[in-house]
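Visitor: I am new to reading protein models and would like a close look at a single part. Could you take me slowly through one strand and whatever lies around it?

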Amino acid sequence: MTKDWKYFLYLTSLFALLAFMLLSKEKKYDWNVSLAHDDKNPYGTYVLNQLLRPTQKIKYGYKTFYELKDSIGQQTSVLILAQHFLPDKEDARAMLKYVQAGGHIFIAANYLSGKLADTLGVQTKDIFFENPGHYESSDSMYIRLSNTQLDTARMYYFKKQNTFSYLAPADTSIKKSEQTKTAIVATNEKSKAVALKVHFGKGFFILSSTPLVFTNLYLLENDRSQLASALLSYLPPHEIYWTEYYQAGRLEARSPLRFILLTEPLRWAYYITVAAILIFILFEAKRKQRIIPVIKPLVNTSLEFVSTIAGLYFEKADHKSIALKKILFFNESVQNRYHFTIHAQSPHYVRSLSLKTGVDELAVQRVADSIRLILSKEKISAEELTQLTKHIYDFWNK
Amino acid sequence: MKKFFRSLFLTNRLFLLLGSIALIFVLTFIFQGFYFVPKILFFVGLVMVATDMVLLYRVKKGLTGNRVVAERLSNGDENEIQIHLQSYYPFHTKLRVFDEAPHQFQRRDIEFVLFLAAGEKKSIRYFLRPVKRGEYFFGAINVLVHSPLKLVVRKFQFSMDKMVPVYPSYIQMRKYELLAIHHYLTESGIKKIRRIGHNQEFELIKEYVTGDDFRTVNWKATARKSRLMVNQYQDEKSQQVYSLIDKGRVMQMPFNGMSLLDYAINASLVVSNIAIKKSDKAGLLTFQDRIGSFLRAGRTNHQMAIIQEVLYNQKTAFFETDYSSLYARVRQSISQRSLLLLYTNFESIQGLHRQLPYLLALNRMHLLVVIFFDNDELRTVADKKTDGLKEIYNQAIAEQFLYDKKRMTKELAKYGIHYILTAPEKLSVNTINKYLELKARHLI
C-alpha cells in the first residue's frame, strides 16, 4: 500500500506541475481569422455579435444556404462573413432564387467567385496585385461611404493587409441580367468599390470585399464601428440568420461519433461497449495471484565452453586434429562397449568388428576406410571430415 | 465494500454477453427496427448479474480449503502438495484454483479447474521439485468460484503465507534406508557384490543367491529346506565413513536445474544414513577455499539429525577449492583409518593433476573414493546427428571432454585411488554401491 501511495503522489505532483505550467503561461492572442461570433480574439466577431444582439433578433448556424432555404422565410435576412466565399452551383441558385423572391443577403468576403459572382457580374480583385506600387506607400488605407445621404467625407482607416480586396465588374460579365442593378455603397482610397448593393428581382445582395471590417479588432477601436453599422444598416430590420458555414465549415456532426451518439441504438451499443471496456480494465487489472519475481536459474555453461573451444579450432580450420579426436573417441567407445581392441590398420579389423557388434560389414568398412584415409594424410579436407562423422554416426545408429 | 470489490471478478461470458448485446443494437440499427429486443436483453442481463452476485455472496462461508504440505520439503525430489476444498453452496460450482507456490519454483501456471456438487469435498494433488535448499514461502490458495450462471466470480483465499524449509533429500534417504534394513539393496538396480574375504562373526542363514560364496553353504540347513542355504557373517562394524564435500567453483554447475553441490549433499545424506544403519560411523567435512564445517563421525541416532541440519545449512560462494587445507584438516582431525567419499568434479585432466598429490596423500592414510561427474549435456551433443562443419567441431570437442573423463578414471586407477564417475542423477545409487562393495571387500 505504501508503494501505491508513492505512485499516487508522483502522479498528482505531475498533474499539478502541468496545471501550473498551463496557467502560468502568458496569455496570447490568436491571430487567426475566425470570424466566429463567439471568438474574442482580434479576428473574431464577438463584438459585432454583442452590438447587434440588443437590437436584432439573430440566429446562428453552420449550414449552407441550400440547407437553410426551407427553414427561413422572406422575413429573415442572411448574413455571411467569410474570407473565401465559394458557394457551389446549387447553393448559388438557391440564393438567387431567394433574393429574386424578395430576400436579402449580406455577403462580406475577400474573395467571391462561382456562379453567384458571375450572375451578379462582380469579381474581387487584389489591390496589391493590381497596383504594385502600393507596398511602399503607407500601411493603411481608408474606406469611405458613397451614399450621399450619409457622411461621405468621413474616412475610416484600416490596415492595408486587411482591406486589400475590392469589387470590380466581372470581365466576363456575360449578359448581365437586366434584373441586376448595382449601386456602390463604399469605396477605398483608390476609388475602387469595396461594398455594393446589387438588386436582384425583388430583393438585393449587399456585397462587401472587406469582412475584417466587422472583426473585434476594428469595432473596438476609435469609431470605425460606424462603417460596419452603416454597411449593415442596408439590411431591412428583419431577423438575421448568421451562417458561419462558409468560414468555419460544419461545426456539428463532423465526426462519426456525433452520428453514433445521435442514433439511439448506436448510442446504446457505444455506451455499452465503452462501459464494458472500462469495467474490463478495472476488473482484469486485479491480480488473481501474487506477483512472482523472476529468479534466474543456474546455467550450465559447459556447452558454451565447448562451442568456444570448437570455435578456436574452427578458425584455424584444423580438420585433421578434429578428425583425430573423433577417431580416438570412436576407438575408445568401441573398446569400452565391446571390449574390442584390434587396431583399425589391422586386416582383420572390419570383419572382427562387424562380427562383434553385429553391424553390417559394409558400414564398418566405410568407417575403417575413412579412418585409414585420414590417418594416412597430412592434411584433410572438410569433406573428408564430414564423411567420417557421417560414417561413425551410421555405425552407432544401425 | 472494499472486501467485496476485492473478491469480485468478472467472467468472459459476461463480456461476451455485453458484446453481443452491443452487436444486436448495431443490427437493429441496420435493419431499422426491433429496438426493444436488445434493450430487454440488456436489462435481463443486468438482472442476471445481480442474481449471480446474490447467489455467490449470500452464502457467507461459501467455500473452505487448506493446503497440506510436509513440514519440510525434500530437495531434488518430487514433493506432494495437497489442496483440500469443501463447498457449502447449495448448487453446483465451478472452481478455478490458483496456488501461489514459492518464488523459487518460478511457477506461474499452477491452475486447476474442478467442479463441486452442493456440499461436496474434493482434493487436488500436485508435485513440486525444489532444486535449492533454503526457506520457501507459500502464498495463498486463490479459488475463483463460479455459480451455474457464470457471469461473476467470487474469490476465496486460504492458507496464506506459510514457510517451509527445503532440506537435503530425505525422501531418497528413507527409500534407501528401508532397502538397507531389509537387505534388498541387491534389488532395484543396486548391483550384487561378490564377497571376498570373511569375517568370523556369524549373523544368519539365508537362501543362496548368485554371487554368494559357495564355500559358505550350510549343508545341514540346505537339507532341511531342500534349497541351497548359505551362512552369512556379520560385516565389520564401527568403521568411519566421512563425506568430504567440495563446495568450490566446480560444483556450481547445474544438471536438471540442481547444482552438483546439492546432488552431492543429497548423496552424502543417503550414504551417511545407510552407514549408520549398518552400524558404521558417519561424519562430514565441507570445504572450499578453507574448511567449512567438520562433523566428527558418530553412530548415535542423533547423529543423523545433526548431519541433516549441517547439510541444510551449507552455504557457499563457489570459490576455488583449496585441497591443501583439506589435507591438513583430515590429517589433523581424522586419526582412524576411514572411508573418505570425496565429492568433487574435474573438468580437465590438468585439473586432476593439480590435485593429485593431495589425493595420493589422503589415500595413503585412508581409503579415498573420488566421486566426480559425467557431463550429461556433453553426452547429448556427442550422440547427436550433426549438421554442418561447425557442429562436427562442437561434437568432436564434446567427445574430447568425455574422453578426458575416461582418462581421468584411468589416471586415478593407476595410482590405486578408487573413483566413481557417475551421471548426477545416479549419484546416490552408485555411491551406496561403492560403499557396500568396499565394505564387503574389507578394504576399509
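Guide: What follows is a walk around one strand of chain B and the elements beside it. Please keep in mind that this is a predicted model, and that the description rests on values computed from it. Chain B has 444 residues, of which 35% count as buried, and its secondary structure comes to 12 helices and 21 strands. Of the contacts in chain B with a separation of 6 or more, 72% are between residues 24 or more positions apart.

The strand to look at is β17(B), residues 281-287, where 7 of the 7 residues are buried. If you follow the directions in which its residues point, you find B:K281, B:G283, B:L285 and B:F287 on one side, while B:A282, B:L284 and B:T286 point the other way, and the residues of both sets are buried.

Turn next to the strands that pair with it. Strand β14(B), residues 240-246, runs parallel to β17(B) and is joined to it by 7 bridges; within this pairing, B:Y242 stands opposite B:G283. Strand β18(B), by contrast, runs antiparallel to β17(B), with 4 bridges between them, and here B:L285 is the residue that stands opposite B:F294. The two strands β17(B) and β18(B) form a hairpin, with 3 residues between them.

After the hairpin, it is worth looking at helix α7(B), which covers residues 301-312 and in which B:Q303, B:M304, B:I307 and B:L311 are buried. Seen down the axis of α7(B), these buried residues fall within an arc of 100°, so they line one face of the helix. The spacing can be understood from a general rule: an α-helix has 3.6 residues a turn, so residues three or four places apart point the same way. On the face of α7(B) turned away from the buried side you will find the exposed residues B:N301, B:H302, B:A305 and B:E309.

This brings us back to the strand with which we began, because the elements that cover the buried residues of α7(B) include β17(B) and β18(B), together with helix α6(B), residues 260-277. In this part of chain B, then, β17(B) can be read in two settings: as a strand joined by bridges to β14(B) and to β18(B), and as one of the elements that cover the buried residues of helix α7(B).

Methods. Residues numbered from 1 in each chain as written. Chains lettered and ligands numbered in written order. Predicted model: local features only at pLDDT ≥ 70, side-chain atom pairs only at ≥ 80, totals over all residues. Buried ≥ 20, exposed ≤ 12 C-beta atoms within 10 Å, placed from the backbone. Contact = placed C-beta atoms within 7 Å. Arc of directions from axis to C-beta. Pairing = 2+ DSSP bridges.
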